Amino acid sequence: MTFLRRQLPVVIAFVLGMFVLIIFYIPAAPMQDIGDRLKVFVTIIGAFAMLLGINSILGQHITKIRKRRPGYGYSWVLILGFVTMMIAWIPWWSAPPADSAAYYPWGGLENSKGAFYWMFFWMMVPMQATMFSILAFYIASAAYRSFRAKTLEASVLLVAAVIVMLGRVPLGTSLTAWLPETGFWSSLRMEEMTSWLLNVPNAAGFRGIVLGVALGIIATSVRIIFGVEKTYMGGGD
Amino acid sequence: MLRSWERYLLYGLIAFAVFLPLIFPFDVWENLPTREVLGVYNTIENLQPGDTIVVAVDFDPSSEPELYPMLLAVLRHAFSKDLYVIAINLFGPAGTGLGVMALNDVGGDMGKVDGEDYVMLGFKPNLPAVISQLNSDIKEMYRSDANGKSTADMPILERTPKFQGNIKYLVDLAAGETVRPWIAYGSAPGGYPMGAGCTAVSFADYFSFYQSGQINGLMGGLKAAAEYEELIERKGAASAGMNSQSIVHALLVIFIIVGNIAFFRAVMAKRAEARERA
Amino acid sequence: MVGERLRKHFYAAVFFAAYALTSPVFAAQPDVAVASPADREPPPITPPVLLEFEPPAEIEARDLPNDDGTSIVITWRCSPSAPEDVRYTVHFSEGASAPYEPLPFDFRSIGLDENFISDRLQYFPYSRSLRNYQFIIIDLTAFDAAAEGAYKQELKSYNKLLDEGKAAGPEPVMHEYDWDELYFKLGVTTDGAVRLFDPVLHAKPVTQWFDWSKFNNMAMAAIFLVVILFFIETARRRDFYIRRIAGLDAVDEAIGRATEMGRPIFYLCGLDPMTTVSTIAATNLLGHVARHVANYESQIKVPCFDPIVMSVCQETVREAYYEEGRPDAYNSDNIFFITNDQFSYVAAVNGMMVRERPAANFFFGFYYAESLLLGEVGQSTGAIQIAGTDSNVQIPFFITTCDYVLIGEELYAASAYISREPKLLGSIKASDMAKAVIIIALLLGFLFSIALLVGVLYDPVNPLGALGEKMEYFMQLFNEHI
């Protein structure tokens with residue numbers, strides 16, 4: 001049992017990890033084919049794992065309804081929504097018209113007059129856009145709260161933030177539109193300063209982080225392949 | 001920590017700043033096109049009628065507000081130049097419907113026919129493999145288009161059986177990490193130029209591709225969409241949103257200033273208190 | 001570097017082999033090529049611009065190195081003439097004496113200023129003397145694909161004729177190209193007219209079992225691996241210093257606070273699947289956090305975005321509780337799946353934050369636009385928040401809303417930092433070493449580019465001589481060749 005839980009996963013991780021690493025250097029077709037096939041497994045496992053996920057969320061909410069925990073009405077909404085969307089998506093095949101490969105009378109996103117399409121565009125899309133647009137409000141409170149000129153660095157950050165914010169909207173660029181478009185003074189135009197800030201200091205910082213991240217990824221991958229790091233398997237130390 | 005009335009005041013002001021300019025539109029500030037947006041516009045502008053371009057609708061409803069106006073503007077521009085448009089979605093299944101909707105709306109408006117002047121190929125997972133395959137054969141990858149129609153005798157695909165050598169431009173409207181694979185597996189080996197559009201947040205991230213010349217144009221967020229609308233002289237949702245965005249940004253700057261005044265007053269008060277105690 | 005020298009030798013060998021292989025063909029073919037009747041050459045009337053075009057020298061074909069044995073490459077030295085609108089193209093024939101025809105598939109002709117071999121270190125060595133050479137890669141599988149496409153088309157019209165009851169003639173047969181019998185000629189084209197150059201080109205593609213262009217990559221990977229293993233080994237014997245990471249020191253405090261307040265802790269693993277390193281790092285850290293939580297008898301909730309991540313998290317937390325001797329306190333319902341949809345997930349998590357008012361929120365892993373939504377709502381409920389992400393675009397949002405943020409690779413180092421386990425600390429030391437190497441390489445690149453800029457002032461053709469060439473090669477190595 002310990003072998004199955006502790007050693008075997010490490011062995012599989014090592015063998016497959018090394019194999020995928022090695023075939024990166026082998027251009028010959030048979031090796032690349034095996035690599036491609038291995039990647040398909042990820043998709044297959046993901047599809048089966050989705051069942052676990054569905055089991056998890058439905059199980060939770062069914063328990064909530066059964067035990068009449070506070071707010072169990074919302075669990076009904078979730079289950080109803082889940083079932084409705086799933087039924088609407090199932091492609092209900094009938095005889096396909098002559099020029100079509102597959103035809104969905106009222107299921108699937110492919111049918112623009114179907115129920116799924118309707119629910120997707122007139123319920124899902126607006127709700128998602130609403131969630132996304134809440135960002136505007138949160139940006140406001142976050143900016144109000146955290147952009148304080150407490151130190152010199154914070155003040156520099158603050159000034160840069162103001163310039164970029166103004167440089168990205170017509171109102172801001174129209175403030176400096178009177179400056180000449182070429183020559184020395186043009187570099188003081190809002191959009192020019194914004195583009196400099198984004199391309200020089202910002203890009204430099206980004207790249208530094210990205211380099212560190214890339215190295216960290218390699219080091220972590222090596223730890224996993226060699227079984228040094230096993231916490232993610234629930235194995236502890 | 002914000003007091004809750006402060007929070008609601010901020011949110012209320014933002015709501016007003018967003019809604020009022022949308023309800024009462026005005027046209028005061030000129031939206032000057034930036035170099036990056038002109039990169040995409042000029043490339044399409046310089047194509048000949050009858051050329052084919054690919055528009056990758058690589059976003060889903062959550063980034064629709066920013067990228068959908070961009071898609072409409074690019075399609076309008078392409079159709080007005082009598083270009084053929086092949087649209088595709090490799091980001092997630094939810095993007096296909098948006099592409100179909102945009103193509104039908106704009107195409108219908110401009111008298112273009114589905115399957116002849118444009119086609120939406122729909123979603124396929126496994127980006128790198130799909131892109132490589134499209135470079136050599138479209139129909140092999142897509143037996144049917146997004147509407148379920150067979151691609152076998154579709155006129156637009158008869159004319160353009162594959163990307164490599166046939167298409168003159170690729171525009172990737174990306175909500176996620178699709179620009180890099182499009183460059184690596186599509187544009188670079190296929191030898192066609194490429195431009196990209198992205199959300200304002202990822203603009204800084206994608207700029208390195210523009211700097212290196214791997215893409216010849218980059219449209220970032222609603223502002224770029226508005227610039228494009230202004231370039232094709234057909235203002236739409238993005239231009240309407242620009243006033244709101246301008247005012248909200250200005251409001252944010254004011255919030256920051258007010259926040260700092262409050263902060264400094266608090267610091268002063270604390271110092272005065274300390275002095276009194278001393 | 002050893003890799004460089006090996007590569008050079010390898011390329012020398014390839015050059016030699018290609019030359020040795022192709023030269024007999026050259027010797028045998030000229031009369032055929034020259035003697036081929038004029039009417040067999042594709043364009044009967046060649047425009048003057050093509051006739052005046054000075055043929056490029058040293059046209060050669062050979063196997064494309066470092067590939068899976070399906071392509072050949074044609075190289076030549078640039079022609080001195082450079083008329084507008086003229087591009088290079090390739091024609092082929094089946095058999096040395098057969099007529100030359102355009103390639104059966106769509107072939108993108110090459111401009112006079114495109115495809116320089118010095119831009120493709122993947123296939124060619126870098127050398128200033130090779131600067132004026134161009135190449136065309138011909139993928140032989142495209143011949144088979146073209147044959148199949150044509151066959152399908154013919155079959156379709158054949159079947160159509162049959163269906164209509166007309167005489168369809170003989171059933172179409174798929175044409176098969178013999179790769180060993182394909183001969184090529186380089187030519188120039190403009191407005192559909194073509195002029196082909198001698199000699200006849202022929203090469204046999206060879207499957208490679210090692211991509212030598214990735215040799216430097218492999219060497220570096222191997223060295224890095226050895227360094228990591230070395231430091232892991234060293235770490236068993238002596239202590240390594242690791243700088244303070246304030247965010248991780250605060251984890252204990254946050255868990256303690258949650259216990260005092262009797263409120264739960266929320267732990268998010270990000271939105272990426274289990275295959276990404278940031279998610280693995282987040283689940284690693286979850287193991288440590290869960291152990292503390294079990295000790296403090298607090299409660300941890302892990303809403304998941306991905307079902308696989310959920311299963312892994314359940315296992316990790318369960319194991320942590322068992323190790324701390326608290327299996328009774330483990331409740332698998334606290335690690336649950338919500339949805340695979342970004343904003344629906346955020347809406348659900350935000351709702352839970354507002355209702356349950358957790359004492360602490362941990363955001364580790366990879367995040368997208370939802371970072372600010374999560375952080376700001378958590379902030380408004382007064383929770384202590386610690387974030388760690390390698391998504392560089394989202395770091396600023398976490399910084400404005402969270403109390404502590406682990407930036408980039410700090411997330412990967414977190415599990416080593418908390419556990420203080422020598423094996424893990426050693427690997428962090430190793431990545432520091434690699435970072436030092438990268439910094440040195442960047443500095444060298446910077447120095448070399450300045451030196452070359454100055455060198456060009458004195459000698460525009462060959463700045464800094466052989467040393468300058470090495471410098472250029474060094475910098476070319478770091479160009480992205482995709």
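How many bridges join strand β3 of chain C to β7(C), and do they run parallel or antiparallel? The count is 8 bridges, joining β3 (residues 87–94) to β7(C), and the two run antiparallel. I'll come back to that strand.

Ground rules. This is a predicted model: local features need pLDDT of at least 70, side-chain atom pairs count only at pLDDT 80 or more, and totals for chains, interfaces and linings use all residues. Residues are numbered from 1 along each chain as its sequence is written, chains are lettered from A and ligands numbered from 1 in the order in which they are written, and side-chain values use heavy atoms, with hydrogens and water left out.

Chain A. It has 7 helices and 0 strands. Helices here are DSSP runs of H or I, at least four residues; strands are runs of E, at least two; both are numbered from the N terminus. From the N terminus on, chain A reads α-α-α-α-α-α-α. Of its 237 residues, 40% count as buried. Buried means under 20% relative accessible area, exposed over 50%, partly exposed in between, with a 1.4 Å probe and protein chains only. Now contacts, meaning heavy atoms within 4.5 Å. Take those in chain A between residues at least 6 apart in sequence: 27% join residues at least 24 apart.

Chain B. The corresponding contact figure for chain B is 74%. Of its 278 residues, 57% count as buried. The chain has 11 helices and 6 strands. Its C-alpha trace spans about 90 × 35 × 30 Å along the principal axes.

The sheet in chain B is open, with 6 strands in the order β3-β2-β1-β4-β5-β6 and parallel pairing. Two strands pair if DSSP finds at least two bridges between them. At the edges sit β3 (118–123) and β6 (218–220) of chain B, each pairing on one side only. The twist averages 15° from one strand to the next.

Look at the β6 edge. Strand β5 (residues 194–198) of chain B pairs with β6(B) in the parallel sense over 3 bridges. In β6(B), B:L218 is the bridge partner of B:A196. Helix α10 of chain B packs on the sheet, touching β5 and β6, and its direction makes about 120° with that of β6(B). Those angles run from 0 to 180 degrees between N-to-C directions; axes are lines fitted to C-alpha atoms, for helices over the stretch in contact. Helix α9 (residues 203–211) lies across β4 (167–174), β5 and β6 of chain B, at about 175° to β6(B).

Stay with helix α10 (residues 221–231), where B:E229 sits. What is the nearest side chain of opposite charge to B:E229? It is B:R76, 7.4 Å away; B:E229 is buried yet has no salt bridge. A salt bridge needs a side-chain nitrogen of Lys or Arg within 4 Å of a carboxyl oxygen of Asp or Glu. For charge, Lys and Arg count as positive and Asp and Glu as negative; His and the chain ends are not counted. A polar atom of the B:E229 side chain does lie 3.3 Å from the backbone nitrogen of B:A238. Leaving out residues up to four places away in sequence, B:E229 touches several others, including B:P69, B:A73, B:R234 and B:K235.

Back to chain C and β7(C). Strand β7 (residues 182–190) has 9 of its 9 residues buried, so it is largely enclosed by the rest of the structure. C:L182, C:F184, C:L186, C:V188 and C:T190 point one way; C:Y183, C:K185, C:G187 and C:T189 point the other way. Toward β3(C), C:H91 has C:K185 as its bridge partner. With strand β8 (residues 193–196), β7(C) pairs in the antiparallel sense over 4 bridges. C:V188 is partnered there by C:R195. β7(C) and β8(C) form a hairpin with 2 residues between them, and C:D191 in the turn has a positive phi of about 50°.

Upstream, C:A167 lies in the loop between α4 (141–163) and β7 of chain C. C:A167 is exposed, at 76% relative accessible area.

Last, another open sheet in chain C. Its 6 strands run β11-β10-β9-β12-β13-β14, with parallel pairing. β11 (335–337) and β14 (404–407) are its edge strands. Strand β10 (residues 300–304) joins β11(C) through 3 bridges, in parallel. C:C304 stands opposite C:F337. Helix α8 (residues 307–323) lies across β9, β10 and β11 of chain C, at about 175° to β11(C).

Definitions and conventions:
A polar contact is a pair of N or O atoms within 3.5 Å; within protein, one must be able to donate a hydrogen and the other to accept it, and residues adjacent in sequence count only if both atoms are side-chain atoms.
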